[in-house]
Amino acid sequence: MAGGPVFVAKGGKEYPGNLTPYVLATCIVAAMGGLIFGYDIGISGGVTSMPMFLSRFFPEVYKKETEDSSTNQYCKFDSVPLTLFTSSLYLAALLSSLVASTVTRKFGRKMSMLFGGVLFCAGALINAFAKNVAMLIIGRILLGFGIGFANQSVPLYLSEMAPYKYRGALNIGFQLSITIGILVANILNYFFSKIENWGWRLSLGGAMVPAIIISIGALILPDTPNSLIERGNHEQALAKLRRIRGVDDVGDEFKDLVAASETSKLVEHPWRNLLERKYRPHLTIAILIPFFQQLTGINVIMFYAPVLFKTIGFGDNASLMSAVITGGVNVLATLVSIYGVDKWGRRFLFLEGGTQMFICQVAVAICIGLKFGVTGNVQILPQWYAIVVVLFICIYVSAFAWSWGPLGWLVPSEIFPLEIRSAAQSINVSVNMFFTFIIAQIFLSMLCHLKFGLFLFFGFFVFVMSVFIYLFLPETKGIPIEEMSMVWKSHWFWGRFIPDDELPRGTGSLEMGRNA
């Protein structure tokens with residue numbers, strides 16, 4: 001399962017440091033930035049399955065759902081305005097993440113987090129008091145601006161604050177917060193759906209709570225040593241590095257951070273430099289990892305879980321409760337990743353998760369295809385059959401939650417050298433949001449036209465991305481973030497792009513090994 005080419009640094013630097021209570025608390029607070037993203041993913045799908053919301057803003061969908069019993073189950077929710085409500089956020093997040101790169105680089109990671117929280121709060125307020133679809137979409141756009149800033153800065157912040165031996169686990173705290181946000185949103189949807197006429201307002205307005213949490217967190221969090229050095233505050237950075245590592249002997253790590261910063265200052269145009277040959281491995285990963293992450297189909301499940309479950313025969317409350325179940329599975333499985341990412345490595349989790357997701361996508365396609373066929377019409381869906389579908393979806397969600405979910409944010413955030421880190425992370429977030437936008441915009445139409453084949457479509461891409469990981473992603477477990485060039489240089493394919501003078505001095509030799 002985990003076989004394949006793996007390249008291991010031999011004699012690399014090991015910086016002294018401990019997992020101190022201070023850095024643990026700091027990373028937990030910063031990771032809360034994921035709550036706003038997760039809450040939105042969970043809340044939007046639930047709200048769009050509430051009859052009172054649909055009847056007020058999307059009456060055509062509501063009429064199609066309630067009055068036409070013969071409507072093809074695959075096409076019930078196929079509505080351009082409805083999908084625009086969901087997907088407009090991600091286009092806004094794409095644009096704001098590009099701006100966030102400059103803010104993150106010049107003013108620090110925590111300033112981007114603050115902007116993200118404030119913008120998200122404003123969007124939640126507008127959505128809670130929405131009178132028409134235009135207000136809903138304006139609110140969604142502001143939410144998207146907030147998510148773009150938060151998703152650009154939080155993974156970088158976590159990777160820079162964490163001791164390299166625990167970087168994976170602490171960074172995945174961001175994904176854990178996303179899953180908690182989804183779960184909380186699903187639970188609130190379940191209860192708020194019982195409130196006639198205005199329960200949906202509570203669901204949408206509730207987004208202000210995670211926004212306030214990340215805004216306050218950004219005000220009290222310290223800057224990362226990397227960011228302080230980047231802005232010329234060396235003495236403050238050294239004191240901060242000693243505090244977060246819990247030891248006084250941080251000289252080697254500090255020197256390497258300063259050296260990386262000096263190199264980054266020579267780069268006048270980080271966006272242009274991304275196109276240089278030596279950054280081709282980084283750019284490829286920054287584009288393909290988020291691209292593949294969206295083509296796992298996970299956001300289809302999470303955005304539209306209530307709609308999907310209603311489509312396959314669950315009632316309103318039952319569909320929302322099923323979404324709560326998948327949200328709970330998502331949280332628990334993410335804990336598996338936190339435990340194992342620095343023990344088993346990134347590649348093992350990617351490959352195991354990919355295999356499990358592929359099997360489940362095929363199984364769900366078969367289950368839905370047998371009952372709905374190509375017509376989409378079914379009279380009675382047995383309860384046991386619906387439970388089987390939910391079971392496969394839960395197994396699929398668990399696989400994503402300990403593989404492509406957290407690692408899709410972790411791996412890109414830990415592989416970039418400082419001189420291109422902010423720009424490259426913006427590319428990562430932008431690609432993620434662009435394809436999230438595309439998938440969210442066309443999913444209901446694809447479900448209508450591809451029918452059960454949609455799950456086979458995503459299953460095919462899961463297979464392709466697993467092959468890509470097997471061949472082209474080196475193992476980054478236990479490698480200090482400023483020493484990552486060693487990993488690329490020793491890779492069978494990417495090594496040709498990395499010049500020898502890019503390697504850190506005094507890092508020892510490199511050895512090619514194979515994973516057992």
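**Close-up views of a predicted model**

F53 and W200 are both buried, where buried means under 20% relative accessible area, exposed means over 50% and partly exposed lies in between (1.4 Å probe, protein chains only). A quick note before the views: this is a predicted model, where local features need pLDDT of at least 70, side-chain atom pairs count only at pLDDT 80 or more, and totals for chains, interfaces and linings use all residues. Residues are numbered from 1 along each chain as its sequence is written, and side-chain values use heavy atoms, with hydrogens and water left out.

**View A. F53 meets W200 edge-to-face.** Rings of Phe, Tyr and Trp (its six-membered ring) make a pair if their centres lie within 6.5 Å; planes under 30 degrees apart are called stacked, over 60 edge-to-face, and the rest tilted. That rule gives 33 aromatic pairs. In this one, the ring centres of F53 and W200 are 5.6 Å apart, with 65° between the planes. F53 belongs to helix 3 (residues 51–57) and W200 to helix 9 (residues 199–205), so the pair ties together parts 147 residues apart in sequence. Helices here are DSSP runs (H or I, at least four residues), numbered from the N terminus.

**View B. W494 and F497 make a tilted pair.** Their centres sit 5.9 Å apart, and the planes are at 45°. W494 counts as buried because its relative accessibility is 4%. F497 has a relative accessible area of 10%, so this residue is buried too.

**View C. Two charged ends sit over rings.** The rule asks for NZ of Lys or CZ of Arg within 6 Å of the ring centre and within 35 degrees of the ring normal. R140 does this over the ring of F85, 5.0 Å from its centre. For K194 the partner is the ring of Y190, with 4.6 Å to the centre.

**View D. S88 is tucked into helix 5.** S88 counts as buried because its relative accessibility is 8%. Leaving aside residues up to four places away in sequence, S88 touches I137, R140, I141 and F437; a contact means heavy atoms within 4.5 Å.

**View E. Helix 13 (residues 251–265) has 15 residues.** From first C-alpha to last, helix 13 reaches 21 Å, close to the 21 Å expected at 1.5 Å a residue. (The expected span is 1.5 Å times one less than the number of residues.) Its buried residues include F254, L257 and V258. What do the buried residues of helix 13 pack against? Their partners are helix 5 (80–107), helix 11 (225–230), helix 12 (234–245) and helix 21 (418–450).

**View F. The largest nonpolar core has 127 residues.** Such a core is a set of buried Ala, Val, Leu, Ile, Met, Phe, Trp, Tyr and Cys residues joined through side-chain atoms within 4.5 Å. F53, W404 and M433 have the most contacts inside it. Helix 21 supplies the largest share, 13 residues. Among the residues that W404 touches, beyond four places away in sequence, are I289, F292 and F350. A second, separate core of five residues includes L176, Y190, V324 and V331.

**View G. There are zero disulfides here.** A disulfide would need a pair of cysteine sulfur atoms within 2.5 Å. For C360, the nearest cysteine sulfur, that of C394, is 9.7 Å away. C360 counts as buried because its relative accessibility is 4%.

Terms used
Helices (H or I, at least four residues) and strands (E, at least two) are DSSP runs, numbered from the N terminus.
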